[in-house]
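Student: I've just opened this one and I'm new to it. Could we go through how the labels on it are earned?

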Amino acid sequence: MNNKYFLAVDLGATSGRTIVGTLNDGKIQLDELTRFDNPIIETNGHFFWDIFGLYSEIIKALKKVKEQEIPIASIGIDTWGVDFVYIGKDGGILRNPACYRDPHTDGMMDEYFKSVIDSKTVYDKTGIQFMNFNSLFQLYTMKKAGNSAFECADKILFMPDCLSYMLTGKAVTEYTIASTSQMLNPKTKQLDEDLLSSIGLTNQNFGEMTNPGTIIGTLTEEIQKITGLGAVPVVAVAGHDTASAVAAVPARNEEFAYLSSGTWSLMGIETKDAIINDESYDKNFTNEGGIEGTTRFLKNICGMWLYERCRKEWVDAPREHPVLQAEAMKQPAFKYIINPDDAMFANPERMVDAIQAYCEKTGQGRPEGYATICRCIFDSLALRYKEVFEWLKDFASFDIKTLHIIGGGSMNNYLNQMTADSLGVEVLAGPQEGTALGNIMLQAKAAGEVGDVWEMRKIIAKSIDLKPFHPNHTAEWDEAFAKYLAITK
(Lines give C-alpha, C1' and ligand atoms only; values in the text may rest on other atoms or scores of the structure.)
Protein backbone atom coordinates (compact mmCIF):
# COMPACT_ATOMS: atom_id res chain seq x y z
CA MET A 1 0.00 0.00 0.00
CA ASN A 2 2.30 2.78 -1.22
CA ASN A 3 1.17 6.31 -1.95
CA LYS A 4 -2.40 5.81 -3.10
CA TYR A 5 -4.33 9.07 -3.49
CA PHE A 6 -8.10 9.48 -3.18
CA LEU A 7 -10.27 12.62 -3.41
CA ALA A 8 -13.10 13.02 -0.89
CA VAL A 9 -15.84 15.56 -1.61
CA ASP A 10 -17.44 16.22 1.79
CA LEU A 11 -20.50 18.46 1.69
CA GLY A 12 -22.19 19.70 4.84
CA ALA A 13 -25.31 21.77 5.34
CA THR A 14 -23.30 24.98 5.78
CA SER A 15 -20.00 24.38 3.99
CA GLY A 16 -18.09 21.94 1.83
CA ARG A 17 -14.52 20.86 1.29
CA THR A 18 -12.46 18.57 -0.85
CA ILE A 19 -9.74 16.53 0.80
CA VAL A 20 -6.97 14.40 -0.63
CA GLY A 21 -6.32 11.25 1.36
CA THR A 22 -3.00 9.49 0.97
CA LEU A 23 -2.56 5.88 2.03
CA ASN A 24 1.03 4.90 2.68
CA ASP A 25 2.56 2.11 4.78
CA GLY A 26 -0.61 1.38 6.73
CA LYS A 27 -1.41 4.97 7.64
CA ILE A 28 -3.60 7.67 6.15
CA GLN A 29 -2.86 11.36 5.76
CA LEU A 30 -5.42 14.04 4.91
CA ASP A 31 -4.71 17.30 3.10
CA GLU A 32 -7.44 19.85 2.47
CA LEU A 33 -7.55 20.89 -1.15
CA THR A 34 -10.43 23.40 -1.23
CA ARG A 35 -13.08 24.78 1.11
CA PHE A 36 -16.22 26.72 0.25
CA ASP A 37 -19.57 27.90 1.58
CA ASN A 38 -22.80 26.03 0.92
CA PRO A 39 -25.41 28.73 1.48
CA ILE A 40 -29.16 28.21 1.55
CA ILE A 41 -30.87 30.20 -1.21
CA GLU A 42 -34.15 31.88 -0.23
CA THR A 43 -36.41 32.81 -3.12
CA ASN A 44 -40.12 33.00 -3.80
CA GLY A 45 -40.92 31.96 -0.23
CA HIS A 46 -38.85 28.75 -0.30
CA PHE A 47 -35.35 27.54 0.57
CA PHE A 48 -33.09 25.77 -1.94
CA TRP A 49 -29.59 24.38 -2.39
CA ASP A 50 -27.43 25.46 -5.34
CA ILE A 51 -26.68 22.12 -7.02
CA PHE A 52 -24.82 23.79 -9.89
CA GLY A 53 -22.75 25.81 -7.42
CA LEU A 54 -21.71 22.59 -5.67
CA TYR A 55 -20.91 20.97 -9.02
CA SER A 56 -18.81 24.02 -9.93
CA GLU A 57 -16.82 23.69 -6.70
CA ILE A 58 -16.12 20.03 -7.47
CA ILE A 59 -14.89 20.99 -10.93
CA LYS A 60 -12.60 23.63 -9.38
CA ALA A 61 -11.16 20.97 -7.11
CA LEU A 62 -10.61 18.55 -10.00
CA LYS A 63 -8.79 21.27 -11.94
CA LYS A 64 -6.60 21.86 -8.90
CA VAL A 65 -5.86 18.13 -8.74
CA LYS A 66 -4.66 18.36 -12.33
CA GLU A 67 -2.61 21.51 -11.69
CA GLN A 68 -0.87 19.93 -8.71
CA GLU A 69 -0.40 16.64 -10.59
CA ILE A 70 -2.02 14.56 -7.84
CA PRO A 71 -2.55 11.04 -9.24
CA ILE A 72 -5.92 10.38 -7.62
CA ALA A 73 -7.20 6.83 -7.93
CA SER A 74 -10.86 7.79 -7.50
CA ILE A 75 -13.42 10.33 -6.26
CA GLY A 76 -16.12 9.87 -3.60
CA ILE A 77 -18.94 12.23 -2.58
CA ASP A 78 -20.84 12.38 0.71
CA THR A 79 -23.49 14.88 1.84
CA TRP A 80 -26.19 15.44 4.43
CA GLY A 81 -29.32 13.27 4.14
CA VAL A 82 -32.95 13.42 2.94
CA ASP A 83 -32.68 16.08 0.17
CA PHE A 84 -32.90 15.16 -3.50
CA VAL A 85 -32.90 16.43 -7.09
CA TYR A 86 -35.46 15.93 -9.88
CA ILE A 87 -34.12 14.72 -13.24
CA GLY A 88 -36.20 15.08 -16.42
CA LYS A 89 -36.74 12.54 -19.20
CA ASP A 90 -33.98 14.24 -21.21
CA GLY A 91 -31.52 13.70 -18.37
CA GLY A 92 -31.47 17.36 -17.32
CA ILE A 93 -31.84 18.76 -13.81
CA LEU A 94 -35.29 20.30 -13.51
CA ARG A 95 -34.58 22.82 -10.74
CA ASN A 96 -32.45 23.42 -7.68
CA PRO A 97 -33.27 20.98 -4.86
CA ALA A 98 -35.40 22.09 -1.93
CA CYS A 99 -33.62 22.48 1.40
CA TYR A 100 -34.86 20.34 4.28
CA ARG A 101 -35.25 23.49 6.39
CA ASP A 102 -37.93 24.83 4.03
CA PRO A 103 -41.10 25.27 6.14
CA HIS A 104 -43.36 23.91 3.38
CA THR A 105 -43.43 20.54 5.15
CA ASP A 106 -44.74 21.99 8.43
CA GLY A 107 -47.72 19.91 9.47
CA MET A 108 -47.51 17.68 6.39
CA MET A 109 -46.09 14.65 8.20
CA ASP A 110 -49.12 14.51 10.50
CA GLU A 111 -51.43 15.00 7.53
CA TYR A 112 -49.75 12.09 5.72
CA PHE A 113 -50.26 9.84 8.73
CA LYS A 114 -53.88 10.88 9.03
CA SER A 115 -54.91 10.65 5.39
CA VAL A 116 -52.46 8.25 3.70
CA ILE A 117 -50.57 5.69 5.86
CA ASP A 118 -50.50 5.70 9.67
CA SER A 119 -47.27 6.39 11.55
CA LYS A 120 -46.88 2.92 13.08
CA THR A 121 -47.11 1.25 9.66
CA VAL A 122 -44.54 3.68 8.23
CA TYR A 123 -42.17 3.03 11.14
CA ASP A 124 -42.60 -0.74 10.96
CA LYS A 125 -41.65 -0.59 7.28
CA THR A 126 -38.65 1.76 7.62
CA GLY A 127 -37.52 2.03 11.24
CA ILE A 128 -36.74 5.69 10.58
CA GLN A 129 -37.12 8.51 13.06
CA PHE A 130 -40.03 10.82 12.30
CA MET A 131 -38.91 14.25 11.17
CA ASN A 132 -41.16 16.46 9.07
CA PHE A 133 -38.41 17.03 6.49
CA ASN A 134 -37.75 13.35 5.69
CA SER A 135 -37.83 12.72 1.94
CA LEU A 136 -41.18 10.91 2.09
CA PHE A 137 -42.90 13.97 3.53
CA GLN A 138 -41.08 16.39 1.24
CA LEU A 139 -42.27 14.40 -1.77
CA TYR A 140 -45.81 14.16 -0.40
CA THR A 141 -45.85 17.92 0.15
CA MET A 142 -44.65 18.63 -3.39
CA LYS A 143 -47.07 16.17 -4.95
CA LYS A 144 -49.99 17.72 -3.10
CA ALA A 145 -48.88 21.23 -4.06
CA GLY A 146 -48.69 20.30 -7.76
CA ASN A 147 -44.96 20.97 -7.87
CA SER A 148 -44.07 21.05 -11.57
CA ALA A 149 -40.64 19.46 -11.09
CA PHE A 150 -42.23 16.55 -9.22
CA GLU A 151 -44.83 16.11 -11.94
CA CYS A 152 -42.21 16.10 -14.73
CA ALA A 153 -39.52 14.04 -13.00
CA ASP A 154 -38.28 10.85 -14.59
CA LYS A 155 -35.68 10.16 -11.88
CA ILE A 156 -35.20 11.33 -8.31
CA LEU A 157 -31.59 11.34 -7.12
CA PHE A 158 -30.38 12.02 -3.60
CA MET A 159 -27.77 14.77 -3.29
CA PRO A 160 -24.53 12.73 -3.53
CA ASP A 161 -26.05 10.53 -6.22
CA CYS A 162 -27.00 13.58 -8.27
CA LEU A 163 -23.47 15.00 -8.11
CA SER A 164 -22.01 11.61 -9.06
CA TYR A 165 -24.50 11.54 -11.94
CA MET A 166 -23.30 14.97 -13.08
CA LEU A 167 -19.73 13.62 -13.13
CA THR A 168 -20.36 10.20 -14.69
CA GLY A 169 -23.77 10.23 -16.39
CA LYS A 170 -24.69 7.14 -14.30
CA ALA A 171 -27.78 7.30 -12.06
CA VAL A 172 -27.64 5.20 -8.88
CA THR A 173 -29.28 5.20 -5.45
CA GLU A 174 -26.61 4.68 -2.82
CA TYR A 175 -27.90 2.59 0.11
CA THR A 176 -26.90 4.70 3.12
CA ILE A 177 -28.25 7.98 1.72
CA ALA A 178 -31.48 6.26 0.63
CA SER A 179 -31.94 4.98 4.17
CA THR A 180 -32.44 8.54 5.45
CA SER A 181 -35.49 9.05 3.24
CA GLN A 182 -38.12 7.18 5.29
CA MET A 183 -38.82 5.15 2.15
CA LEU A 184 -36.25 2.34 2.44
CA ASN A 185 -37.16 -1.00 4.02
CA PRO A 186 -34.09 -2.29 5.92
CA LYS A 187 -35.36 -5.88 5.65
CA THR A 188 -35.65 -5.93 1.86
CA LYS A 189 -32.81 -3.38 1.37
CA GLN A 190 -34.95 -1.65 -1.25
CA LEU A 191 -37.27 1.35 -1.41
CA ASP A 192 -40.68 0.23 -0.20
CA GLU A 193 -43.23 -0.07 -3.02
CA ASP A 194 -46.22 0.71 -0.77
CA LEU A 195 -44.69 3.96 0.45
CA LEU A 196 -43.61 4.94 -3.06
CA SER A 197 -47.07 4.15 -4.41
CA SER A 198 -48.63 6.37 -1.76
CA ILE A 199 -46.95 9.38 -3.39
CA GLY A 200 -47.37 8.26 -6.97
CA LEU A 201 -43.86 6.85 -7.51
CA THR A 202 -42.21 3.49 -8.17
CA ASN A 203 -38.68 2.13 -7.91
CA GLN A 204 -38.29 3.01 -11.59
CA ASN A 205 -38.17 6.67 -10.51
CA PHE A 206 -34.87 6.02 -8.74
CA GLY A 207 -31.47 4.72 -9.71
CA GLU A 208 -30.35 1.15 -9.07
CA MET A 209 -29.71 0.47 -5.38
CA THR A 210 -25.94 0.50 -4.87
CA ASN A 211 -23.88 -0.49 -1.84
CA PRO A 212 -21.02 1.62 -0.42
CA GLY A 213 -17.66 0.79 -1.98
CA THR A 214 -19.04 0.30 -5.50
CA ILE A 215 -17.59 2.03 -8.57
CA ILE A 216 -20.38 4.03 -10.25
CA GLY A 217 -18.49 4.91 -13.42
CA THR A 218 -15.73 7.18 -14.66
CA LEU A 219 -15.61 10.89 -15.39
CA THR A 220 -17.44 11.66 -18.62
CA GLU A 221 -15.50 12.78 -21.65
CA GLU A 222 -16.93 16.27 -21.08
CA ILE A 223 -15.56 16.40 -17.51
CA GLN A 224 -12.24 14.99 -18.67
CA LYS A 225 -11.99 17.78 -21.23
CA ILE A 226 -12.97 20.48 -18.71
CA THR A 227 -10.55 19.32 -16.00
CA GLY A 228 -7.71 17.79 -18.01
CA LEU A 229 -8.01 14.56 -16.03
CA GLY A 230 -8.42 11.09 -17.45
CA ALA A 231 -11.19 8.54 -16.88
CA VAL A 232 -10.99 8.69 -13.07
CA PRO A 233 -13.47 6.34 -11.33
CA VAL A 234 -16.23 7.82 -9.13
CA VAL A 235 -17.04 5.56 -6.19
CA ALA A 236 -20.33 5.29 -4.30
CA VAL A 237 -18.91 5.74 -0.81
CA ALA A 238 -21.24 5.85 2.18
CA GLY A 239 -23.08 8.79 0.63
CA HIS A 240 -24.67 9.90 3.88
CA ASP A 241 -21.99 11.84 5.74
CA THR A 242 -22.83 10.21 9.07
CA ALA A 243 -22.49 6.74 7.54
CA SER A 244 -19.01 7.66 6.30
CA ALA A 245 -18.16 9.13 9.71
CA VAL A 246 -19.30 6.03 11.61
CA ALA A 247 -17.23 3.85 9.27
CA ALA A 248 -14.23 5.87 10.48
CA VAL A 249 -14.83 5.39 14.23
CA PRO A 250 -11.47 4.03 15.48
CA ALA A 251 -13.09 1.51 17.81
CA ARG A 252 -11.21 -1.51 19.13
CA ASN A 253 -14.32 -3.72 19.32
CA GLU A 254 -18.09 -3.60 19.00
CA GLU A 255 -18.77 -2.35 22.56
CA PHE A 256 -18.99 1.33 21.73
CA ALA A 257 -21.44 4.11 21.04
CA TYR A 258 -20.69 7.05 18.79
CA LEU A 259 -21.57 10.70 18.73
CA SER A 260 -21.10 12.38 15.37
CA SER A 261 -20.90 15.95 16.56
CA GLY A 262 -21.50 18.83 14.20
CA THR A 263 -24.48 20.95 13.20
CA TRP A 264 -26.43 17.85 14.14
CA SER A 265 -25.38 15.49 16.92
CA LEU A 266 -26.11 11.89 16.01
CA MET A 267 -25.75 9.42 18.86
CA GLY A 268 -26.07 5.72 18.29
CA ILE A 269 -24.68 2.22 18.15
CA GLU A 270 -23.72 -0.07 15.30
CA THR A 271 -25.89 -3.19 15.01
CA LYS A 272 -26.13 -6.16 12.69
CA ASP A 273 -29.89 -5.75 12.17
CA ALA A 274 -32.43 -2.97 12.44
CA ILE A 275 -34.12 -2.54 15.84
CA ILE A 276 -37.77 -1.92 15.10
CA ASN A 277 -40.20 -2.42 17.97
CA ASP A 278 -42.75 -0.53 20.04
CA GLU A 279 -40.11 1.01 22.30
CA SER A 280 -37.91 2.28 19.46
CA TYR A 281 -41.10 3.66 17.86
CA ASP A 282 -42.14 5.42 21.07
CA LYS A 283 -38.68 6.95 21.54
CA ASN A 284 -38.41 7.84 17.84
CA PHE A 285 -35.09 6.12 17.14
CA THR A 286 -33.87 5.65 13.59
CA ASN A 287 -32.31 2.72 11.73
CA GLU A 288 -30.08 4.05 8.96
CA GLY A 289 -27.95 2.04 6.60
CA GLY A 290 -24.32 1.44 7.44
CA ILE A 291 -21.51 -0.19 5.52
CA GLU A 292 -21.08 -3.94 5.09
CA GLY A 293 -24.73 -4.62 5.91
CA THR A 294 -24.69 -2.96 9.35
CA THR A 295 -27.35 -0.65 10.74
CA ARG A 296 -26.72 2.68 12.42
CA PHE A 297 -29.27 2.67 15.25
CA LEU A 298 -29.28 6.27 16.39
CA LYS A 299 -31.14 9.39 17.34
CA ASN A 300 -30.75 12.83 15.80
CA ILE A 301 -30.07 15.58 18.33
CA CYS A 302 -30.06 19.26 17.45
CA GLY A 303 -26.34 19.72 18.10
CA MET A 304 -24.03 22.66 17.48
CA TRP A 305 -26.76 24.27 15.34
CA LEU A 306 -27.85 26.09 18.52
CA TYR A 307 -24.35 27.39 19.19
CA GLU A 308 -23.64 28.24 15.54
CA ARG A 309 -26.84 30.24 15.17
CA CYS A 310 -26.35 32.14 18.45
CA ARG A 311 -22.74 32.88 17.60
CA LYS A 312 -23.90 34.70 14.45
CA GLU A 313 -26.25 36.79 16.58
CA TRP A 314 -23.81 37.66 19.40
CA VAL A 315 -22.31 40.96 18.25
CA ASP A 316 -20.27 41.43 21.44
CA ALA A 317 -18.94 37.88 21.85
CA PRO A 318 -15.31 36.87 21.21
CA ARG A 319 -14.91 35.32 17.76
CA GLU A 320 -12.39 32.71 18.88
CA HIS A 321 -14.15 29.54 20.01
CA PRO A 322 -11.77 28.77 22.93
CA VAL A 323 -12.12 32.29 24.37
CA LEU A 324 -15.91 32.32 24.06
CA GLN A 325 -16.26 28.85 25.51
CA ALA A 326 -13.89 29.60 28.40
CA GLU A 327 -16.06 32.57 29.38
CA ALA A 328 -19.13 30.35 29.23
CA MET A 329 -17.53 27.86 31.61
CA LYS A 330 -17.17 30.61 34.23
CA GLN A 331 -20.96 30.89 34.44
CA PRO A 332 -22.99 28.95 37.04
CA ALA A 333 -23.72 25.40 35.92
CA PHE A 334 -27.29 24.23 35.26
CA LYS A 335 -28.87 27.62 35.97
CA TYR A 336 -30.73 27.46 32.66
CA ILE A 337 -31.67 24.25 30.86
CA ILE A 338 -33.44 23.67 27.54
CA ASN A 339 -34.47 20.69 25.46
CA PRO A 340 -32.23 21.12 22.40
CA ASP A 341 -34.74 19.16 20.31
CA ASP A 342 -37.75 21.33 21.08
CA ALA A 343 -39.48 22.35 17.84
CA MET A 344 -38.97 26.04 18.60
CA PHE A 345 -35.23 25.64 17.94
CA ALA A 346 -35.62 24.09 14.46
CA ASN A 347 -35.18 27.32 12.48
CA PRO A 348 -36.25 30.41 14.46
CA GLU A 349 -35.68 33.93 13.18
CA ARG A 350 -33.40 34.52 16.17
CA MET A 351 -32.01 31.60 18.18
CA VAL A 352 -31.17 33.78 21.21
CA ASP A 353 -34.79 34.93 21.41
CA ALA A 354 -35.99 31.33 21.14
CA ILE A 355 -33.75 30.17 24.01
CA GLN A 356 -34.83 33.07 26.19
CA ALA A 357 -38.49 32.40 25.44
CA TYR A 358 -38.09 28.70 26.30
CA CYS A 359 -36.46 29.47 29.64
CA GLU A 360 -39.14 32.00 30.53
CA LYS A 361 -41.92 29.62 29.48
CA THR A 362 -40.49 26.88 31.74
CA GLY A 363 -40.23 29.19 34.76
CA GLN A 364 -36.44 29.58 34.80
CA GLY A 365 -36.26 33.28 34.15
CA ARG A 366 -34.51 34.95 31.23
CA PRO A 367 -30.84 34.18 30.46
CA GLU A 368 -28.91 37.26 29.40
CA GLY A 369 -25.52 37.59 27.73
CA TYR A 370 -23.59 35.36 25.37
CA ALA A 371 -21.64 33.55 28.11
CA THR A 372 -24.76 32.58 30.05
CA ILE A 373 -26.58 31.38 26.95
CA CYS A 374 -23.54 29.46 25.70
CA ARG A 375 -23.30 27.70 29.08
CA CYS A 376 -27.00 26.89 28.85
CA ILE A 377 -26.49 25.31 25.42
CA PHE A 378 -23.53 23.16 26.50
CA ASP A 379 -25.17 22.02 29.77
CA SER A 380 -28.35 21.15 27.91
CA LEU A 381 -26.58 19.23 25.13
CA ALA A 382 -24.63 17.12 27.63
CA LEU A 383 -27.85 16.34 29.53
CA ARG A 384 -29.71 15.47 26.33
CA TYR A 385 -26.79 13.19 25.42
CA LYS A 386 -27.25 11.43 28.77
CA GLU A 387 -30.95 10.92 28.13
CA VAL A 388 -30.34 9.34 24.73
CA PHE A 389 -27.35 7.34 26.01
CA GLU A 390 -29.48 5.78 28.77
CA TRP A 391 -32.00 4.69 26.15
CA LEU A 392 -29.22 3.25 23.98
CA LYS A 393 -27.98 1.13 26.87
CA ASP A 394 -31.41 -0.47 27.12
CA PHE A 395 -31.51 -1.23 23.38
CA ALA A 396 -27.94 -2.51 23.01
CA SER A 397 -27.21 -6.23 23.14
CA PHE A 398 -23.78 -5.44 24.66
CA ASP A 399 -22.34 -3.27 27.42
CA ILE A 400 -21.43 0.16 26.06
CA LYS A 401 -18.02 0.86 27.53
CA THR A 402 -16.87 3.83 25.45
CA LEU A 403 -18.38 6.79 23.62
CA HIS A 404 -16.44 7.89 20.52
CA ILE A 405 -17.01 11.53 19.59
CA ILE A 406 -16.17 12.25 15.97
CA GLY A 407 -16.56 15.25 13.68
CA GLY A 408 -15.94 18.95 14.22
CA GLY A 409 -17.50 18.88 17.68
CA SER A 410 -14.78 16.51 18.87
CA MET A 411 -12.54 19.59 19.16
CA ASN A 412 -14.76 21.09 21.89
CA ASN A 413 -12.86 19.95 24.96
CA TYR A 414 -15.29 21.57 27.38
CA LEU A 415 -18.32 19.79 25.95
CA ASN A 416 -16.37 16.54 25.64
CA GLN A 417 -15.56 16.60 29.38
CA MET A 418 -19.12 17.58 30.24
CA THR A 419 -20.36 14.65 28.16
CA ALA A 420 -18.05 12.21 29.98
CA ASP A 421 -19.23 13.59 33.33
CA SER A 422 -22.87 13.41 32.34
CA LEU A 423 -22.78 9.89 30.85
CA GLY A 424 -20.36 8.41 33.38
CA VAL A 425 -18.25 6.59 30.76
CA GLU A 426 -14.94 7.13 29.00
CA VAL A 427 -15.13 9.49 26.05
CA LEU A 428 -12.59 9.29 23.22
CA ALA A 429 -12.52 12.38 20.99
CA GLY A 430 -11.43 12.18 17.38
CA PRO A 431 -11.04 12.10 14.51
CA GLN A 432 -12.26 15.57 13.60
CA GLU A 433 -12.37 14.64 9.91
CA GLY A 434 -14.26 11.38 10.44
CA THR A 435 -16.50 11.82 7.42
CA ALA A 436 -13.61 12.42 5.02
CA LEU A 437 -11.70 9.48 6.49
CA GLY A 438 -14.63 7.13 6.02
CA ASN A 439 -15.18 8.44 2.51
CA ILE A 440 -11.55 7.82 1.58
CA MET A 441 -11.40 4.40 3.24
CA LEU A 442 -14.37 3.21 1.21
CA GLN A 443 -12.64 4.38 -1.95
CA ALA A 444 -9.59 2.43 -0.82
CA LYS A 445 -11.79 -0.62 -0.29
CA ALA A 446 -13.21 -0.25 -3.82
CA ALA A 447 -9.62 -0.11 -5.09
CA GLY A 448 -8.73 -3.31 -3.21
CA GLU A 449 -6.31 -1.52 -0.89
CA VAL A 450 -8.09 -2.40 2.38
CA GLY A 451 -10.38 -5.21 3.51
CA ASP A 452 -13.29 -4.88 5.93
CA VAL A 453 -14.35 -2.07 8.26
CA TRP A 454 -12.17 -3.30 11.11
CA GLU A 455 -9.05 -3.03 8.94
CA MET A 456 -10.16 0.51 8.05
CA ARG A 457 -10.53 1.35 11.75
CA LYS A 458 -7.11 -0.05 12.61
CA ILE A 459 -5.49 2.13 9.95
CA ILE A 460 -7.35 5.20 11.19
CA ALA A 461 -6.44 4.47 14.84
CA LYS A 462 -2.76 4.24 13.85
CA SER A 463 -2.99 7.54 11.97
CA ILE A 464 -4.56 9.85 14.57
CA ASP A 465 -4.25 10.81 18.23
CA LEU A 466 -7.38 10.17 20.27
CA LYS A 467 -8.00 12.43 23.28
CA PRO A 468 -9.52 10.66 26.30
CA PHE A 469 -11.95 12.23 28.78
CA HIS A 470 -12.78 10.42 32.02
CA PRO A 471 -15.95 11.05 34.05
CA ASN A 472 -15.89 13.28 37.13
CA HIS A 473 -18.57 14.93 39.30
CA THR A 474 -21.15 12.31 38.28
CA ALA A 475 -23.31 12.97 41.35
CA GLU A 476 -23.70 16.63 40.37
CA TRP A 477 -24.65 15.62 36.85
CA ASP A 478 -27.18 13.07 38.11
CA GLU A 479 -28.81 15.82 40.13
CA ALA A 480 -28.81 18.14 37.13
CA PHE A 481 -30.31 15.37 35.02
CA ALA A 482 -33.29 15.14 37.35
CA LYS A 483 -33.78 18.90 36.89
CA TYR A 484 -33.47 18.50 33.11
CA LEU A 485 -36.16 15.81 33.06
CA ALA A 486 -38.50 17.92 35.17
CA ILE A 487 -38.08 20.92 32.84
CA THR A 488 -38.22 19.09 29.51
CA LYS A 489 -41.13 16.81 30.35
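Tutor: Sure, let's take the labels one at a time, keeping in mind that this is a predicted model.

Student: Why is Cys310 called buried?

Tutor: Buried means under 20% relative accessible area. Cys310 has 0%, so it counts as buried.

Student: And what makes Cys359 buried or exposed?

Tutor: Use the cut-off again: Cys359 sits at 0% relative accessibility, which is under 20%, so Cys359 is buried.

Student: How do you know that Cys359 is in no disulfide?

Tutor: Look at the sulfur atoms. The nearest cysteine sulfur to that of Cys359 belongs to Cys376, 4.6 Å away. A disulfide needs the two sulfurs within 2.5 Å, so Cys359 doesn't qualify.

Student: What about Cys310, which cysteine sulfur is nearest there?

Tutor: That of Cys374, at 8.4 Å. With a limit of 2.5 Å, that pair is therefore no disulfide either. In fact, searching the whole structure turns up zero disulfides.

Student: Okay, on to the sheet. What order do its strands have?

Tutor: There are six strands in an open sheet, in the order 3-2-1-6-14-13, and the pairing is mixed.

Student: Why are strand 3 and strand 13 called edge strands?

Tutor: Strand 3 (27-37) and strand 13 (214-218) each pair on one side only. Across the sheet, neighbouring strands are turned by 25° against each other on average, ignoring direction.

Student: How do you know that strand 2 and strand 3 pair?

Tutor: At least two bridges are needed, and strand 2 (residues 15-24) has ten with strand 3, so they count as paired. Their sense is antiparallel. Within that pair, Arg17 stands opposite Arg35 in strand 3.

Student: Which strands does helix 1 touch?

Tutor: Helix 1 (residues 51-67) packs on the sheet and touches strand 1 (4-11), strand 2, strand 3 and strand 6 (72-78). The direction of helix 1 makes about 130° with that of strand 3. Helix 17 (residues 434-446) packs on the sheet too, with strand 13 and strand 14 (233-236) among the strands it touches.

Student: Last one: which residues touch the most other members of the largest nonpolar core?

Tutor: Tyr112, Met267, Trp314 and Ile355, out of 96 residues in that core. Helix 15 (residues 370-395) gives the most to it, 16 residues. Apart from this core lies another, of 44 residues, including Ile77 and Phe133.

Technical notes. Residues are numbered from 1 along each chain as its sequence is written. This is a predicted model: local features need pLDDT of at least 70, side-chain atom pairs count only at pLDDT 80 or more; totals for chains, interfaces and linings use all residues. Side-chain values use heavy atoms; hydrogens and water are left out. Helices (H or I, at least four residues) and strands (E, at least two) are DSSP runs, numbered from the N terminus. Axes are lines fitted to C-alpha atoms, for helices over the stretch in contact, and angles run from 0 to 180 degrees between N-to-C directions. Contact means heavy atoms within 4.5 Å. A nonpolar core is a set of buried Ala, Val, Leu, Ile, Met, Phe, Trp, Tyr and Cys residues joined through side-chain atoms within 4.5 Å. Buried means under 20% relative accessible area, exposed over 50%, partly exposed in between (1.4 Å probe, protein chains only).
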